[in-house]
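Here are my notes on this one, as promised. Have the model open while you read.

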Amino acid sequence: MNHKHKKGWIFLILCPPLIFLAVTWIVMTLWNCLLPEILGVKSITYWQAMGVLVLSKILFGGFHFGKGMRDFKERKMRQRMQQLSPEEREKFKEVWRNKCESGFFGRHNRNNG
């Protein structure tokens, strides 16, 4: 195996954890510099900052460093749409058009009726 490829794999394996550790340190530093004075909360430790990051990932689904999964989903949806007949496509568009016209959770229909 070429030495360039070995270095590349090591870089790919080590980089994400190191980035996560650095982001954890940034969160801890920002929290401890800003929030105690603004909100009167206590300072947090490094491990608590890591917990905040993990909790925010669970609750909000953040940390999207790449768009690979989004591209995959869009490609998959495009393939599904191409497999539909013209009639099925029109029906699909009509259903979504009706959903969009009714507003968020159909609130326009409830207010009028």
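1. Surface first. The accessible surface of the chain adds up to about 10,200 Å², and carbon and sulfur atoms account for 65% of that. Bear in mind that this is a predicted model.

2. On burial, counting as buried any residue under 20% relative accessible area, just 8% of the chain's 113 residues qualify.

3. As for secondary structure, you'll find 5 helices and 0 strands. Walking along the sequence, the pattern reads α-α-α-α-α.

4. Contacts: take the pairs in the chain that sit at least 6 apart in sequence, and 27% of these contacts join residues at least 24 apart.

5. Now have a look at α2, which runs over residues 46-60 and so has 15 residues. From its first C-alpha to its last, α2 reaches 21 Å, close to the 21 Å expected at 1.5 Å a residue.

6. Which residues of α2 are buried? They are A49, M50 and L53. These cover an arc of only 105° around the axis, so they lie on the same side of α2. The general rule behind such patterns: an α-helix has 3.6 residues a turn, so residues three or four places apart point the same way.

7. What does the face of α2 turned away from its buried side carry? There you'll see the exposed residues W47, I58 and L59. Exposed here means over 50% relative accessible area.

8. One last spot to check is G61, just after α2. G61 takes a positive phi, at about 65°.

Key. Residues numbered from 1 in each chain as written. Predicted model: local features only at pLDDT ≥ 70, side-chain atom pairs only at ≥ 80, totals over all residues. Heavy atoms only, no water. Helix = DSSP H or I, 4+ residues; strand = E, 2+ residues; numbered from the N terminus. Buried < 20%, exposed > 50% of the residue type's maximum accessible area, 1.4 Å probe, protein only. Contact = heavy atoms within 4.5 Å. Areas by Shrake-Rupley, 256 points an atom, 1.4 Å probe, with all protein chains shown as cover. Expected span 1.5 Å × (residues − 1). Arc of directions from axis to C-beta.
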